[in-house]
Amino acid sequence: MTEPTTGQTTGQTTGQTTAPDDAGRRFRRTLASVMTVQVVTLVLLWLLQRAYTP
Amino acid sequence: MHPLNWVIVVGWLAYVVVHGIRKSSGTKEIEGYFLANRSLPWWAVGLSVMATQLSAVTMIGTTGQGATDGMRFVQFYFGLPIAMVILGVTLVPFLHGARVYTAYEYLERRFDARTRSLTAFLFLISRAMSCGTIISAPAVVFSAVFGWNVWWSVALIGVPAILYTMIGGVQAVTWVDVKQMFLIVGALIAVVVTLLIKIPVSPSEALHVAGATGRLRVFDFSFSLTNTYTFWSGLIGGTFLMLSYFGTDQSQVQRYLSAKSVPEARNSLLISAYWKIPLQALVLLVGVLVFVFYQYHKPPLLFNPAHERAVLAAAPAEYAALNRRWDSNAAPAARDSVRAEALALATRVTGEPSKDVNYIIPRFVIDNLPIGLAGVFIAAVIAAAMNAISGELTSLSTATVIDFYKRWIRAEAPDKHFLIVSRSATAVWGVFACVVATFAVNLGSLIEVVNRFGSFFYGSILGVFLLAMIPRANALGAFLGLFAGMFAVGAVNFGAPSVSFLWHNVIGAVTVVVVGLLISAIGRAPRSGPARVVEA
């Protein structure tokens, strides 16, 4: 599936080559922080269960 | 309830309506009305999506679930982050780049008009019923707690939401959602703090009490098709449910279509997943702590105040005897038995099934929260209901206008005409949802009812969108596959009712894809592959 370049015109050259890279980096950063929060939450819930459930 | 609490509730409702209506500037055309001119920042969209998820059903039903069943319900959401990632990489760029108003509009480009119309129709039916159920949750509780006719409760919740949604569209809905999220999270934290203060033992001891009853058992790694709350049903079935809900349900799709760009749309989806599991865990923990609270303070035998009033009026001696038995024997099994008898008595007296799970938290709030905080919590419950309703109403209106009115009745007209039709559709669906709400009472744990109903269609609709991404699939395959998927889910639902509804999404999606591909293989070649995204 081709990722669209919506909103970008073909007239923009150097800007266009860096904008998708920036977007990709931000997506990966957001993804990493989101998954970190989920993993930390799951670990805390696991510890809660281990500590207090006979 | 103390007048100060009502001042807070009414004041907040007034603020929300005025704020929402003020945000209606920029909604003079339907792109502004439905998609906020694709101008919303990702964090606002993300918070708005989160707000839509955190409905009154969560505030009342999930907390009640935590009190009666414990934390394992959180497993239901384990598939959410995975689904968000998959959608962010696949469907979101597709739909946003396609410049569509609705997810179903895309299906006509890929397949044909009848597939589009059928999926849009299924969405309208399931979403409208769900909207009614979401209004009924707090409405029924409020009518029981405050002694109102249920119509007043429905109006208190429904009318403000219908007003600012009808006038302001997605712009109003999103910015109101952002404000309301802070109120809701603040109210939940306030309840937790109050509970920790009022429980006469240390937090650790309180957790030991909860853990001893199994309420802190979060993870269940057994594999069972009949047990809804296991790690695997949450991870697999939940992923399919979330893929379908966030990928194909217009109430969610419309949110990220209103983002400024594809990267912002993807980020908004991820952000909405950010706090989902932690927030659900917090909500369930509130319920668990309320359970612990009532180990140290005598709970009402009947949490539903309306039923309690009826029993006290009709069978006071019998109710008093049950209370004496409760006081004289602290053993959990004995008390469970007394409570069961009290519920049976309430059923006998009122003629209604007596289900307490949705009244535990409201009763705790009214009886035990300090003045002011109780008003904040009630306002938060109403806010949560409005968040969910407003999002659903805009999506119902969008699908009605774009997928049916514009598509089949009047394709060309000035934008002003479509704006009037859109606002009218919002109002009509709002009234419809309010009417449904008055009938959707006493349906058990409401959070389960909402998700169970959705699972009937979601998996099959997801299957259609999955087929859309497979070049070999043609329109006939998609159309007949959709029927096959719903038939399969229906067969499992009625033929094997013990199978958890979470697996229905998997069954529906897989059936649609398999049948759709088989029919496509023996039919004509598709008129086009997956629609290429059009560059602006």
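Is B:Glu264 buried or exposed, and what is its relative accessible area? Select B:Glu264 and keep that question in view, because the residue is buried, with a relative accessible area of 12%, where buried means under 20% relative accessible area, exposed means over 50% and partly exposed lies in between (1.4 Å probe, protein chains only).

Before going further, note that this is a predicted model, in which local features need pLDDT of at least 70 and side-chain atom pairs count only at pLDDT 80 or more, while totals for chains, interfaces and linings use all residues. Residues are numbered from 1 along each chain as its sequence is written, chains are lettered from A and ligands numbered from 1 in the order in which they are written, and side-chain values use heavy atoms, with hydrogens and water left out.

**First stop: across the two chains**

Add A:Arg26 to the selection, and the side chains of B:Glu264 and A:Arg26 appear in a salt bridge at 3.7 Å, N to O; the term stands for a side-chain nitrogen of Lys or Arg within 4 Å of a carboxyl oxygen of Asp or Glu. Between chain A and chain B the count is one salt bridge, and over all chains the rule gives 13 salt bridges. B:Glu264 lies in helix α13 of chain B and A:Arg26 in helix α1 (residues 14-52) of chain A, so the pair joins two chains. A:Arg26 is partly exposed, with a relative accessible area of 28%.

Now show the whole contact, which takes 29 residues from chain A and 40 residues from chain B, contact meaning heavy atoms within 4.5 Å. Chain A and chain B bury about 3200 Å² between them, 68% of it on carbon and sulfur atoms; buried area is the accessible area (1.4 Å probe) that two parts lose on being put together, summed over both.

**Second stop: helix α13 of chain B**

Select residues 262-274 of chain B, which form helix α13; helices here are DSSP runs (H or I, at least four residues), numbered from the N terminus. At 1.5 Å a residue, its 13 residues should span 18 Å, and the end C-alpha atoms are 18 Å apart, which agrees; the expected span is 1.5 Å times one less than the number of residues. Of the 13 residues of α13(B), 12 are buried, so the helix is largely enclosed by the rest of the structure. Among the buried residues are B:Arg266, B:Asn267 and B:Tyr274.

**Third stop: salt bridges within chain B**

Move to B:Arg407 and B:Glu108, whose closest N and O atoms are 2.7 Å apart in a salt bridge. This pair links distant parts of the chain, with B:Arg407 in helix α19 (residues 373-409) and B:Glu108 in helix α7 (residues 103-110), 299 residues apart. B:Arg407 counts as partly exposed at 29% relative accessibility, whereas B:Glu108 counts as buried at 17%. Adding B:Arg116 and B:Asp403 to the selection completes a network of salt bridges that links them with B:Glu108 and B:Arg407.

**Last stop: helix α18 of chain B**

Finally, select residues 360-368 of chain B, helix α18, where seven of the nine residues are buried, so the helix is largely enclosed by the rest of the structure. The buried residues of α18(B) include B:Pro362, B:Arg363 and B:Phe364. To see what covers the buried residues of α18(B), display elements of chain B including α8 (113-146), α9 (150-198) and α19.
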